[in-house]
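Student: Please pick one part of this model and take me through it closely, as you would for a colleague at the bench. I would like the terms explained as they come up.

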Amino acid sequence: MDNHTNHLDEEENGYIKIDRYNESKISVVADHYKDILGQLGENPEREGLVKTPERVAKALQYLTHGYDLNPAEILRSAMFKEDYSQMVVVKDIEVFSMCEHHMLPFFGKAHVAYIPNGHIVGLSKIPRIVDAFARRLQVQERLTNEIRDCIQDTLMPAGVAVVIECKHLCMAMRGIQKQNSVTTTSAFTGEFAKDKTRAEFLRLITANLH
């Protein structure tokens, strides 16, 4: 196993979990962060900061480990033939990602639905592909489209719907500094382009079914 994949452990059915790190990359990134700390006016040799560059490098490698995942393969690992043609909705999927413009986090919930067309997919795979795309440098708009396109192209359903609601720390901590603003993005294909079907999906993701 080469250094590129040494930090990855297979869990099950195409899902990858990080248990180890690529030490050569960690070393390079950590050296850069040590320089950055100095440029910010800090002393990277003081006790509280000595290990910070390595911690940051490891954190970044984990937060961007989606580059090492293949979301389509995750879906294909649990596709089943099934004669079911009603809407399948997985809502309130936690999203944690990093804005590519300022490398600050954005986080919230994703709601995903599809209408099967001969095949269904294991329900746990939907959150896993959301995470696979989110664990990259992202913009929320592209993240929404990537999830939609992956499900549509891999599962070939009658339609896909994705809605993501997130708070962005680049808005809350800098610039306009609006702490309570929420950004909502949506993407639809097939049957969800119809007003009636889309309205049913939106009703389901906002309903309290507990």
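Tutor: Two strands count as paired if DSSP finds at least two bridges between them. Helices (H or I, at least four residues) and strands (E, at least two) are DSSP runs numbered from the N terminus. This is a predicted model, in which local features need pLDDT of at least 70 and side-chain atom pairs count only at pLDDT 80 or more, while totals for chains, interfaces and linings use all residues. Residues are numbered from 1 along each chain as its sequence is written, and side-chain values use heavy atoms, with hydrogens and water left out.

Let's look at the sheet and follow it to the aromatic rings by one of its edges. Five strands make an open sheet in the order 7-4-5-8-9, and their pairing is mixed. Strand 7 and strand 9 are the edge strands; each has a single partner strand, so one side of each has no neighbour in the sheet.

Start at the strand 7 edge. Strand 7 covers residues 137–138 and runs parallel to strand 4, with two bridges joining them. At this junction, C99 has Q138 in strand 7 as its bridge partner.

The next pairing inward joins strand 4 (residues 88–99) to strand 5 (residues 105–115), antiparallel and with nine bridges. Here you can find M98 standing opposite P105 in strand 5. Strand 4 and strand 5 form a hairpin with five residues between the strands, and within this hairpin M103 has a positive phi near 55°.

Now move on to the other edge. Strand 8, residues 159–168, pairs with strand 9 in the antiparallel sense, through six bridges. In this pairing V163 sits opposite S186 in strand 9.

Strand 9 also brings us to the rings. There are two aromatic pairs in the structure. In one of them, the ring centres of F188 and F201 are 6.4 Å apart and the planes meet at 80°, so this pair is edge-to-face. For rings of Phe, Tyr and Trp (its six-membered ring), a pair needs centres within 6.5 Å; planes under 30 degrees apart are stacked, over 60 edge-to-face, and the rest tilted. F188 belongs to strand 9 (residues 183–188) and F201 to helix 7 (residues 195–206), so the contact ties together parts 13 residues apart in sequence.

The other pair is F192 with F201: these ring centres lie 5.8 Å apart with planes at 75°, so this pair is edge-to-face too. F188, F192 and F201 therefore make up one aromatic cluster.

How buried or exposed is each ring-bearing residue of this cluster? F201 is buried, at 0% relative accessible area, and F192 is also buried, at 0%. F188 is partly exposed, with a value of 24%. The cut-offs are under 20% relative accessible area for buried, over 50% for exposed and in between for partly exposed, using a 1.4 Å probe and protein chains only.

One last neighbour is worth finding on your screen. R198 lies over the face of F188, 5.5 Å from the ring centre. A charge sits over a ring when NZ of Lys or CZ of Arg is within 6 Å of the ring centre and within 35 degrees of the ring normal. So, at F188, you can trace the edge-to-face contact with F201 together with R198 over the ring face.
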